[in-house]
Structure formats: structure tokens, C-alpha cells
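Hi everyone, thanks for coming. Let me put the structure up on the screen, and then we can walk through it together.

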Amino acid sequence: MNDMADSREFDIILFGATGFVGKLTARYLLGAAPDAARIGLAGRSLDKLTAVRTELGPKAANWGLVVADSTDQAALDALAARTKVVITTVGPYLRYGMPLVAACAKAGTHYTDLTGEPLFIRDAIDQYHDQAVATGAKIVNSCGFDSIPSDLSVYEVYRRTVADNTGELEDTTLIASMRGGVSGGTIDSGRAMMEAIAADPAKGSVLSHPYSLSPDRSMDPDVGRQSDQALMRASTIDPSLDGWVGTFIMASHNTKIVRRTNGLLGWVYGKNFRYREVMSAGKSPVAPLVAAGVAGGIVATMAAGAVLSRAAAGRKLLDRVLPKPGTGPGEKTRDSGWFSMKTYAYTSSGAKYVATFAGKGDPGYKATSVMLGESGLCLAFDTDKQPELAGILTPAAAMGDALTERLRAAGMTIEVERA
């Protein structure tokens, strides 16, 4: 942590505390933060912030309330200057997020968000990475289900290969299995990106290029074009596997985060590191049809969204039929969800590793609030355990083993086995 932050009023300010995921994150911080932690809740409405604090109960009675709007740069500058860390759930980040990034980069304030929007991260890198490096700010994107399980799984496999001296990482594949819904916020983020591309088609390359978030493309592994579309037998990934796998809806974002981590750490994963993500489709006779349907549905949905986003009438139609941002499932549904990510990795010496990252709770809501909350706590209180990097960062590059330790302590399974 830079020296300027040590005397600030708050350890953490949660921006967007009155939204659906914001409330879940506030509730998580209530139980997970140290008793002496100085926490603030921020948003546009003082009345709503007061109501959230009241709902949290006596333990939150001394939490501060900070009124700020995502369009008010002066208010965000003041907010950032008051705290060591900002946690933000205010998205879509492409529409509303950049002023807060600017404020944190300027003030040397650490920052963590939930974005799954490569366009937003690319813009943040281009505009504020150098300034954040200069001020010591860790601006850490994608600290929820997108993309912590992906990023930390590969990072922890890498750490194990170093300990075992088994060479560089080569073919590495994550297979996702889960039960849970897609949030209105996630869908709205997709819409924001489609609208941005409709306005500027050149931005489409950020979504399609596997290394579009790389710190230096000229240094990236020369392993040819990598596609996030998949339909294959699981045994092609590892002979021990059965069934089918298909396209994982968040692969195109998560893989970019993992590759950026590799670059930020000095391309330590290896000159032949190739990474992809797929989703389990099961073992039934119809599994290949399910996998193909998911892949085709993703492509068709993105294409339809891009077309509809070009016109006002199309955007109004999307407003009517899609889930609204700020909404989510009930507690019973959130509690019944789960996720399990298995990462199969091979090294240059022929060694094989299997990483498991698993957790209980709907991945997009309950599990995400844990990951986001622990990321904020890690940035605030574990500074002596983190890599000394600053700038626009990824979870693994910013926090590394410190975040892994926290998530394990929070009940998540994160382990690496040599097969």
C-alpha cells in the first residue's frame, strides 16, 4: 500500500451498496471484516444507504455513508481520497465505471470490481494504467465468478510447477460445471458492449482477439489463433474424462484475464502456454446436442443483440424482454447453487496437474459476493503478502497467494494435485 493511504478515513468503501449484489457484499463484509475495520457504504441516495445500514443491524451502526453518483467526477474524486480501497458493484462498467477508475488511479486508491467487459478493461488500461502505476493504485478487475476461479486456478498450478520444477505450462484447459442463474447485471453488461461495438465496429476486435488485454502482444506465446468456441469429447482434454464439453459462456472474457496475468507476471507461464475454457455437457446420448446448442445459442444471441442494439426500437425491445439489472434470485435459490472448475494442465516435461476450484452458492450472486468481499479485504489488510505490482491488474497478478488463502478460509476449495 502506498504511504498516502495509511491515514485515510476508511479502509473500504463499498460503492453501489444499495443494489442487489451490493447488499449481498455488504452482508458478507459484515461477517468477514475485522471488528475494527472502517467501512463505508456509498451510493446515490442517502435514504437508501441509511436503510441498508439499518438492515445490517447494530454491528454496522458506525459504518459511514457516502453519497456519490457515478457521473459526478468531483464526488468520486472525494470518495476515492477518503479510503484505502473501493469495492464497486456499479455496472455496466462500460457505461458507469470509468470515472471511478480515474478517481482511484489519481488518488492511489486500490479498487476492485465485478466486470466481465473486456472493452471496459481495455479502455481502463489505455487511459489509466500508467497513472495507477505511478500512484501505487491496484485497479483490480473481474473479482467475482468472472474471473477469480479461472485466474487463481492457473496461477496456483503455475506455483506448483515451480515448486516441483516440472517445466513451463503448455496445454491448459478449464472445465466448468455449475448450477445458477445469469444476473440482469451480466446481461446488461453484454448489452453495453454490443451497443459500443454497434457505435464503433473496430471495438469488436477486443472481444474476438485472445490477447486483446495483453500488456505487450509482441511478447505473448506464439501458439496460433485460439478459439473460445468448443464442441468435443472430454477425453480429448484428458484421457481420464468421459462425456462431452461445449462452449463456456464466459470463456472469451476469462481467458483474456488469464493471459493478461501471464503478461503482467513477465510471461512466466511459458512460451507455449495455451489456455481455453469449456463447459461440461454431461455424458448422456444427447450431450453433444446440448453442447452444440449452447455454442450455437451463444453465437446467435450475441449476433441478435448486436443487431438490435443498433437501433432505438431494438434497444426498447431488449428492455422489455431481458432481466433488469439490480435484480436477482431469492435466498433459497442462491443457497442451492454451486460451481466446480477443474483445470487440466500439462507442462513441458510431461507432468500433468489437475486444479480444483469449487464453492457453494449461486456462482453469480452468493459466491461472487464472497469473492468480491474477500478481494476488497485482501487489498485493505494483506498488503505485505501481495505482489508489488500496481496499475490495471488481474486478481492473481494483484493478490496472488494472499487471495487464495482468504478464499480457502472462506470455505472455498482451491487445490492442485499432480496426476
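Let's start with a question: what is the order of the strands in the open sheet of seven strands with parallel pairing? Reading across, the order is β3-β2-β1-β4-β5-β6-β13. Before I go on, some housekeeping: this is a predicted model, where local features need pLDDT of at least 70 and side-chain atom pairs count only at pLDDT 80 or more, while totals for chains, interfaces and linings use all residues. Residues are numbered from 1 along each chain as its sequence is written, and side-chain values use heavy atoms, with hydrogens and water left out.

About the names: helices (H or I, at least four residues) and strands (E, at least two) are DSSP runs, numbered from the N terminus. Two strands pair if DSSP finds at least two bridges between them.

Back to our parallel sheet. β3 (64–67) and β13 (391–393) each have a single partner strand, so one side of each has no neighbour in the sheet. On average, neighbouring strands here are turned by 20° against each other, direction ignored. Inside the sheet, β1 (residues 10–15) and β2 (residues 39–43) run parallel and share four bridges, and I12 stands opposite I39 in β2.

Two helices lie across these strands; contact means heavy atoms within 4.5 Å. Angles run from 0 to 180 degrees between N-to-C directions, and axes are lines fitted to C-alpha atoms, for helices over the stretch in contact. Helix α1 (residues 20–32) lies across β1, β2 and β4 (83–88), at about 155° to β1. Helix α14 (residues 366–381) covers β1, β4, β5 (110–112) and β6 (138–140), at about 170° to β5.

Now, which strands sit at the edges of the other open sheet, the one with mixed pairing? Its order is β8-β9-β10-β7-β11-β12-β14, and the edge strands are β8 (231–233) and β14 (413–418), each pairing on one side only. Neighbouring strands in this sheet are turned by 25° on average, direction ignored. β12 (residues 352–360) and β14 pair in the antiparallel sense over six bridges, with A355 opposite V416 in β14.

Last stop, a helix pair. Helix α5 (residues 98–107) packs against helix α6 (residues 118–135) at about 15°, with axes 8 Å apart. That makes α5 roughly parallel to α6 (angles under 35 degrees count as roughly parallel). Among the residues that meet are M98 and V101 in α5, and F120 and Y128 in α6. Thanks, happy to take questions!

Conventions
Angles under 35 degrees count as roughly parallel, over 145 as roughly antiparallel, 65 to 115 as roughly perpendicular and the rest as oblique.
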